[in-house]
Amino acid sequence: MQYKSQAVAKPYFIAAIGLFIGQILFGLIMGLQYVVGDFMFPAIPFNAARMVHTNLLIVWLLFGFMGAAYYLVPEESETELFSPKLAITMFWIFLVAGALTIVGYLAVPYATLAKITMNSLFPTMGREFLEQPTITKLGIVVVALAFLFNIGMTVLKGRKTAISLVLLLGLLGLAVFFLFSFYNPDNLVKDKYFWWWVVHLWVEGVWELILGAILAFVLIKITGVDREVVEKWLYVIITMTLITGIIGTGHHYYWIGTPGYWQVWGSIFSALEPIPFFMLTIFAFNMVNKRRREHPNKAATLWALGTGVMAFLGAGVWGFLHTLAPVNYYTHGTQLTAAHGHMAFYGAYVMVVLTIISYAMPVLRGRAANCEKAQVVEMWSFWLMTVSIVFITLFLTGAGILQTWLQRMGDHPMSFMDAQNAIAIFYWMREGSGLVFLIGLATYVTSFFIKGETKAI
Amino acid sequence: MFSRKGGGAPLLFYREFPNMTASATPEETCSQETDGPPGDLAIWIFILAEMLVFGVMFLVYAFTRANQVELFNASQLTLSRTAGAVNTLVLITSSYCVVRAVSAIKQGMSHLCANWLSGAILLGGLFTSIKLWEFSEKFSAGISLESNDFFMFYLMLTFFHFMHVLMGMTILAFVTAKARRGGYSAQNHVGVETGASFWHMVDLLWIILFPLVYVIR
């Protein structure tokens, strides 16, 4: 580790992995509830399991992004972090607030949670992914501001590189767009319209900048390719991301009461959203092929390449499948959306966080790379998790296509629940793949505890 | 490589991709590491992606128009073809300025290069002014994105192009500033070629857009 203060990244990474495990467990619970409706009822009803599954995902990815920023910004800026103490304080605030919120979801009915946290004073609850009590949302803003201040000051006092600037832009956007979670108009169209400013402009906008910056950093480190080359790619990729992603928000505006032209804008621009992801894949493989050094951390290289490929497939190809308005007219809100969501989140954001953890954790623990045995186990976990997410995606795609057909097409469309019964076999197979994913995750965690001969830095 | 056929050759045809087997002149070897399109390779990836975006939009326009030819023709008559034609000339002239700027820097004349680039930026400014006047005419006539499909496309295509003109002007402004500081030379001027390539794309897109939206009936 080049700078002592980079060590603050470690608790962030550990918390991220811990919450990741929680997310997967709740995923398995609700996966089973799809086919065994009263499984664990009334202790964990489906709506609570779903909130925990999705909220944990977002929170652990945020932990991962913050850890990544605390790790890479000092190294990019060639200076110690502005305030390691602030970073650690914010870590505990974020972790405790996050944990309390999850406990709240599980311990009391959602309506009671709203009452306890005095939602009526400033109502922001009750919307998908933004279910957090208002007080938690305020906490997130405080943590985000302190974090931005800390990272921003570090960048200001040190060397300014394209990577840290793109990362900072992404993180700033993340904070700014989250503010729309406080806007909760009575008009449902407006509500949905701006709700997407958080949800879509995060994952198909500013998060992609964070993804690009983290990946570029790791690729420079493991390949030794010239910074200028990497930066050039980064700029081209993020420009395309913003051009396609911002107006691409329109693919959520087809059927919510917004003007009809969104069907044209949304279709065209979101159809082009795979382009930056495709560039990202080409970029990653190009850099690795042109490498000037053989970095001992093979596992990190595998994760980096995997991010490119899986992000392109999950976010790009599976997004394109149902993004054109005439197609979406039939597929909207079916299991196709879930298929896309699983592979996109895993391929883009889970994998990029695991990439930086894979690269940085050994360094934070005082070695350039883990021993060969640990790396082999980590690479096994890569394949187990990646292949099982591919199968989850394929099964959900099958479920989605069949659901669309049975429920919305043909001469005698079925009711929602009849269609759900008809596709139950896909849900069972998805649950099986989910179990393999859990085994992969357990393998991943195990890899941290395997000891062997390592090279010191 | 801009100089292969000389700076004064007809626009859009004045350069060709080099034959891969042809030996490069010493000047080219210095200004670029390998044979390939002028400017940075990254800008070409970007240009191709941009052309794809516009290409898709032109196609969707064509298909939508095919279903409502009469409406499109009637609405098209309300556009000012004169303004469109003048703007076409303005952009072509600005591209000419950029061509002269590239050939100037190839002879090591930084200031001349910067002056030609400034000319191109000024013409870009003229283009945007005329376009803004057109937009304000349409808006004051009560036309909006929701008026009909033709106007939706007209506003969308020309506004998206308008943003590209602004972006091109910004890029050229950076290149001009660097040229004034003497940041480029006869040997090293990839930056100028990069900016020039993007500007020519902006010009080329308008050359397709103008007949497509304003003229073809």
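# Reading helices, loops and contacts in a predicted model

Biologist: I would like to begin with a single residue of this predicted model: where is A:T79 placed?

Modeller: A:T79 sits in the loop between α2 and α3 of chain A, and it counts as partly exposed because 18 C-beta neighbours lie inside 10 Å, whereas 20 or more would be needed for a residue to be called buried. Setting aside residues up to four places away in sequence, A:T79 touches A:P74, A:T154, A:K157 and A:G158. The C-alpha atoms of A:T79 and A:V363, which are 284 residues apart along the chain, are separated by 17 Å.

Biologist: Which residue in the loop between α2 and α3 of chain A has a positive phi although it is not a glycine?

Modeller: The general idea is that most residues other than glycine have a negative phi, and most peptide bonds are trans. In this structure A:E78, in the loop between α2 and α3 (84-107) of chain A, has a positive phi of about 55° without being a glycine, and A:E78 is exposed, since 12 other C-beta atoms lie within 10 Å.

Biologist: What should I read in the loop between α1 and α2 of chain A, where A:M40 is found?

Modeller: Two backbone features deserve attention there. Phi of A:M40 is positive, near 65°, in a residue other than glycine, and A:M40 counts as partly exposed because it has 15 C-beta neighbours inside 10 Å. The peptide bond from A:F41 to A:P42 is cis, with omega near 5°, and A:P42 lies in the loop between α1 (9-33) and α2 (46-77) of chain A.

Biologist: How many residues has helix α7 of chain A, and where does α7(A) bend?

Modeller: As a general idea, an α-helix has 3.6 residues a turn, so residues three or four places apart point the same way. Helix α7 of chain A, residues 188-223, has 36 residues and reaches 50 Å from its first C-alpha to its last, close to the 52 Å expected at 1.5 Å a residue; even so, α7(A) bends by about 60° at A:W202. Because 28 of its 36 residues are buried, α7(A) is largely enclosed by the rest of the structure, and it is followed by A:G224, whose phi is positive, near 70°.

Biologist: Which residues have the most contacts inside the largest nonpolar core?

Modeller: In soluble globular proteins, nonpolar side chains tend to be buried together. The largest nonpolar core here has 191 residues, and those with the most contacts inside it are A:L219, B:A101 and B:L117. Apart from residues up to four places away in sequence, B:L117 touches B:V98, B:A101, B:L172, B:V175, B:T176 and B:A179.

Biologist: What is the overall form of chain A, judged by its radius of gyration?

Modeller: Chain A has 16 helices and zero strands. A compact globule of 457 residues would have a radius of gyration near 23 Å, and the 22 Å of chain A therefore agrees. Its C-alpha atoms fill a box of roughly 65 × 45 × 45 Å along the principal axes, 53% of its residues count as buried, and residues 24 or more positions apart account for 80% of its contacts with a separation of 6 or more.

Biologist: How many residues does the contact take from chain B and from chain A?

Modeller: The contact takes 14 residues from chain B and 13 residues from chain A. On the side of chain B that touches chain A, α2 (41-67) and α6 (149-180) of chain B each supply at least two residues, and the largest share, nine residues, comes from α2(B). By class, that side of chain B has twelve nonpolar, no polar and two charged residues.

Terms used:
Residues are numbered from 1 along each chain as its sequence is written. Chains are lettered from A and ligands numbered from 1 in the order in which they are written. Helices (H or I, at least four residues) and strands (E, at least two) are DSSP runs, numbered from the N terminus. The expected span of a helix is 1.5 Å times one less than its number of residues. The bend at a residue is the angle between axes fitted to the seven residues ending there and the seven starting there. A nonpolar core is a set of buried Ala, Val, Leu, Ile, Met, Phe, Trp, Tyr and Cys residues joined through C-beta atoms within 7 Å. Two residues are in contact if their C-beta atoms, placed from the backbone, lie within 7 Å. The radius of gyration is taken over C-alpha atoms; the globule rule is 2.2 Å times the number of residues to the power 0.38. Ala, Val, Leu, Ile, Met, Phe, Trp, Tyr, Cys and Pro count as nonpolar, Asp, Glu, Lys and Arg as charged, and the others, Gly among them, as polar.
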